[in-house]
Amino acid sequence: MAKMPIRFDIDENLLANLRAYAAQTGCTVTELIERFCQQGLEMASQGSIPTLEASHIGRGKNNRLAERLEIVETEVKSMLERLSLLESKVDVDIDVNDYLQNWEKSLELRIASLVDTFVEKHVEEILGGAYRHSGIEPSRQTIPSAEQLDAHQTDLDDEDEPDEILTEFLEPHART
């Protein structure tokens, strides 16, 4: 029988298995392919191709499968670690956001209290100055409360906006 050279593409994994099988049986890959073809075409007897245990043939596949499985497991572990870090960051962001909201509310109350105290002191200074200019002795009972002054000033200044009234009131240097 004359032999002819041929060229065909073959899967790398299959070729690697063929090479390993050929090395174990002591023949070349070409001889092994010829024997498989003869057996497949029923041109050769079953005993012409040496048999190896199935574990030897499948060992290459199992090794590659184990490698792939290990890679997948590593990727899954990496994803779980990143997910855990992300969850931790989200928890910290939520905690910080809650803290800032509470701090903002507390700060608003403190600022309102400081403004009230400042306004009361400023009203007392204005009334004290007015009493000194008029020569009247101020008494604690005759000093109106800040609410009464605000209501009185709002009644007098109907054309002024509330923001303008507050701004003028809080800036004592602008009047002098």
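Biologist: What does the accessible surface of the protein come to, and what share of that surface belongs to carbon and sulfur atoms?

Modeller: The model is predicted. Its accessible surface comes to about 14900 Å². The part belonging to carbon and sulfur atoms is 57%.

Biologist: Which elements make up the protein, and in what order do they run from the N terminus?

Modeller: The protein has zero strands and five helices. Read from the N terminus on, the order of elements is therefore α-α-α-α-α.

Biologist: What percentage of the residues of the protein count as buried?

Modeller: The protein has 176 residues. Being buried requires a relative accessible area under 20%. The percentage that count as buried is 11%.

Biologist: Which residues make up the largest nonpolar core, and which helix gives the largest share of this core?

Modeller: The largest nonpolar core has five residues: Leu 18, Tyr 21, Ala 22, Cys 27 and Leu 32. Three residues of this core, its largest share, come from residues 12-25, which form helix H1.

Biologist: Is Cys 27 buried or exposed?

Modeller: The relative accessibility of Cys 27 is 12%. Because the limit for burial is under 20%, Cys 27 counts as buried.

Biologist: Which residues is Cys 27 in contact with, leaving aside neighbours within four places in sequence?

Modeller: Cys 27 belongs to the largest nonpolar core, together with Ala 22 and Leu 32 among others. With neighbours within four places in sequence left aside, the contacts of Cys 27 are Ala 22, Leu 32 and Arg 35.

Biologist: How many disulfides does the structure hold?

Modeller: A disulfide covalently joins the sulfur atoms of two cysteines. Cys 37 has a relative accessible area of 43% and is partly exposed, whereas Cys 27 is buried. The number of disulfides in the structure is zero.

Methods
Residues numbered from 1 in each chain as written. Predicted model: local features only at pLDDT ≥ 70, side-chain atom pairs only at ≥ 80, totals over all residues. Heavy atoms only, no water. Core = buried A, V, L, I, M, F, W, Y, C linked by side-chain atoms within 4.5 Å. Buried < 20%, exposed > 50% of the residue type's maximum accessible area, 1.4 Å probe, protein only. Helix = DSSP H or I, 4+ residues; strand = E, 2+ residues; numbered from the N terminus. Contact = heavy atoms within 4.5 Å. Disulfide = S-S within 2.5 Å. Areas by Shrake-Rupley, 256 points an atom, 1.4 Å probe, with all protein chains shown as cover.
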